[in-house]
Amino acid sequence: MAHDVFISYSVKDKTTADAICATLEANGIRVWIAPRDVMPGSDWGESIIEAIEQSKVMILVFSANSNASPQIKREIERSVNKGVTVVPFRIDDILPSKTLEYFISTQHWLDAFTPPLEKHLDSLVSILHSIFTKQGGVAAALKLKPLPPEEDEAPAHPAPPEAPVARVAHHDKTITLKVPTWKVLVIVLGVLVGAALAGGVVWWLVHRGPAAQATVESKPVLPPGTSAEEAANEYFQKSKAAQSPDEKITLITKAIELNPKPGYYYIQRGRAYLSKQEYQKAITDLDKAVEAIPNSFIAYNLRGFAYDALDKQGQAMIEFNKAISLNPAYAEAYSNRGFVFYENKEYDKALQDYDKAIALDPKLANAYNNRGFLYAAQGKVDQALKDYNQAIAVDPKLRDAFINRGNLYLRQKQYDAALIDFNQALPLGWRHAITYNARGEVFAAKGDFEWARNDFNQAITLDPNYGKAYKNRGRVYAETGEDEKALNDFTKAIFLNTDLAETYELRGKLYKKRGDEERARNDLEKAKALK
């Protein structure tokens, strides 16, 4: 496993070590930590030695426990002998033993025994990036969700988040009866009725109360002897193995309920919301992350991505600029900022950012994909194809690169090659509507109208506001003589503001074919004015 940092710690300090690991990885720094990264069946000692030798920096979680550990002493000695920089992260206010004092340099000592821990974790991130810069290396950036594929529209906006379920407050109602004193009989009857009602209330509380209480949310129950911070960390660690964004969000939410302080919790939950296209929820979490970790370039970068997805390019640019100012070697931020430059039609600046991203990280597949996207828009087919090929070679699961290359093949009328790419893309990502629409275009171009219509139907089912799919399905209906359905689809595409010049022209020609001269003339004039 390629990594930047090795964490050396006593098993008794695992909670702190896990918090360090999570913070570093949330800030784009690759970490090797045992036992997580020891391969099953491999020799433990050999794995430790290999990991130390391949590290740029060792972080020593320095405590009374590690100070007395022979294993820690061996790891430190190995690091020093191999020229690996050691950064002691001191969580106990003690001095190192004579053996450790001999090996540990005092240059990068970081005292972290005064709370809160998060403040010291932020300082650790800054120190590491300073070390990496001096070493001439760059910590690898975590990969983001791929940027929009090669289509001239932004990603479909997410549906508005569901309204929170209202919590109903149950108030006791006291009814005061003013009874004239002379109506003794009424009083007696009132007492009897009141007794009956009271009995009924007691029965209802006994038999129905628990069911109502079951709907009230509560914090996770802590196992005996476990602190809230430890339990929160356990949930966070479990979230790393989550099989879906929803599962990840559920687990991290439990961690936050127990310990709302760590900024990296919000970063990872925000990332999960991004993968679900719930951009506003992502921004809310990333706001909290920035508040907790003001120098987190990862949080600024992710927040910029969310703003860009919401078509707020100005704010996205501010976020990406901030990320780059915090870490000028952060390749992912250059790639993302380049896409905003592209959206703003500042193509030279976009190309400069893509080139910079690739120079910083030649393994950043999305930067090749984005640069290919730019080349394709400029008609530089060979350069675009070369970049798409490289993106796929670096990351064979980058769905957007397959879609982009497939679209390039489609425009070149290489239909079989395009079909292969779209079939490859379908299982890979969350935006299947775009992939179905693209594959439908291939089938339509080949004259396979039934297959094309099926794909457009599927795209519309997945995204009922996907204008391109309506326009393309309308063309298929027009080809097969289903004029009324074609008109309905063209009208829907126009309502969704999709490819207006082309769609008005398509609808105008269909009106003309049907002998509706006035409507035909209006649509064709609008199409001409928009071109």
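**Helix packing, salt bridges and aromatic pairs**

Ser 296 sits in the loop that runs between helix H11 (279-292) and H12. In this predicted model, Ser 296 has a relative accessibility of 0%, so it counts as buried. Setting aside neighbours within four places in sequence, the contacts of Ser 296 are Asn 27, Ile 267 and Leu 326.

Helix H13 comes next. H13 covers residues 313-326, and its 14 residues should span 20 Å at 1.5 Å a residue; the end C-alpha atoms are indeed 20 Å apart, in agreement with that figure. The buried residues of H13 are Gln 313, Ala 316, Met 317, Glu 319, Phe 320, Ala 323 and Ile 324. Looking down the helix axis, these buried residues fall within an arc of 165°, so they line one face of H13. Gly 314 and Ile 318, on the other side of H13, are exposed. As for what covers the buried residues of H13, the cover includes helix H12 (297-309) and helix H14 (331-343).

H14 turns up again among the aromatic residues. The model has ten aromatic pairs. In one of them, Phe 236 and Tyr 265 have ring centres 4.9 Å apart and planes at 25°; planes under 30 degrees apart count as stacked, so this pair is stacked. Phe 236 belongs to helix H8 (residues 228-239) and Tyr 265 to helix H10 (residues 263-275), so the pair links distant parts of the chain, 29 residues apart. Phe 236 and Tyr 265 are both buried. Tyr 342 and Phe 373 also have ring centres 4.9 Å apart, but here the planes are at 70°, so the pair is edge-to-face. This pair, too, links distant parts of the chain: Tyr 342 lies in helix H14 and Phe 373 in helix H16 (residues 365-377), 31 residues apart. With a relative accessible area of 17%, Tyr 342 is buried, and Phe 373, at 5% relative accessibility, counts as buried as well. Tyr 342 and Phe 373 join Phe 339 and Tyr 347 in one aromatic cluster.

Turning to charged side chains, the count of salt bridges comes to 36. One of them joins Asp 400 to Arg 399, with the closest N and O atoms 2.5 Å apart; Asp 400 and Arg 399 are both buried.

Helix H24 takes part in salt bridges through Glu 502 and Arg 507. The side chain of Glu 502 meets that of Arg 475 at 2.9 Å, N to O. That salt bridge links distant parts of the chain, with Glu 502 in helix H24 (residues 500-513) and Arg 475 in helix H22 (residues 467-479), 27 residues apart. Glu 502 is partly exposed, at a relative accessible area of 32%, and Arg 475 is likewise partly exposed, at 38%. Both belong to a network of salt bridges that links Lys 468, Lys 471, Arg 475, Asp 499 and Glu 502.

Arg 507 forms its salt bridge with Asp 523, and the closest N and O atoms are 2.6 Å apart. Distant parts of the chain are linked here as well: Asp 523 is in helix H25 (residues 517-530) and Arg 507 in helix H24, 16 residues apart. Asp 523 counts as buried at 3% relative accessibility, and Arg 507 counts as buried at 12%.

Terms used. Residues are numbered from 1 along each chain as its sequence is written. This is a predicted model: local features need pLDDT of at least 70, side-chain atom pairs count only at pLDDT 80 or more; totals for chains, interfaces and linings use all residues. Side-chain values use heavy atoms; hydrogens and water are left out. A salt bridge is a side-chain nitrogen of Lys or Arg within 4 Å of a carboxyl oxygen of Asp or Glu. Buried means under 20% relative accessible area, exposed over 50%, partly exposed in between (1.4 Å probe, protein chains only). Helices (H or I, at least four residues) and strands (E, at least two) are DSSP runs, numbered from the N terminus. The expected span of a helix is 1.5 Å times one less than its number of residues. The arc is that of the directions from the helix axis to the C-beta atoms. Contact means heavy atoms within 4.5 Å. Rings of Phe, Tyr and Trp (its six-membered ring) pair if their centres lie within 6.5 Å; planes under 30 degrees apart count as stacked, over 60 as edge-to-face and the rest as tilted.
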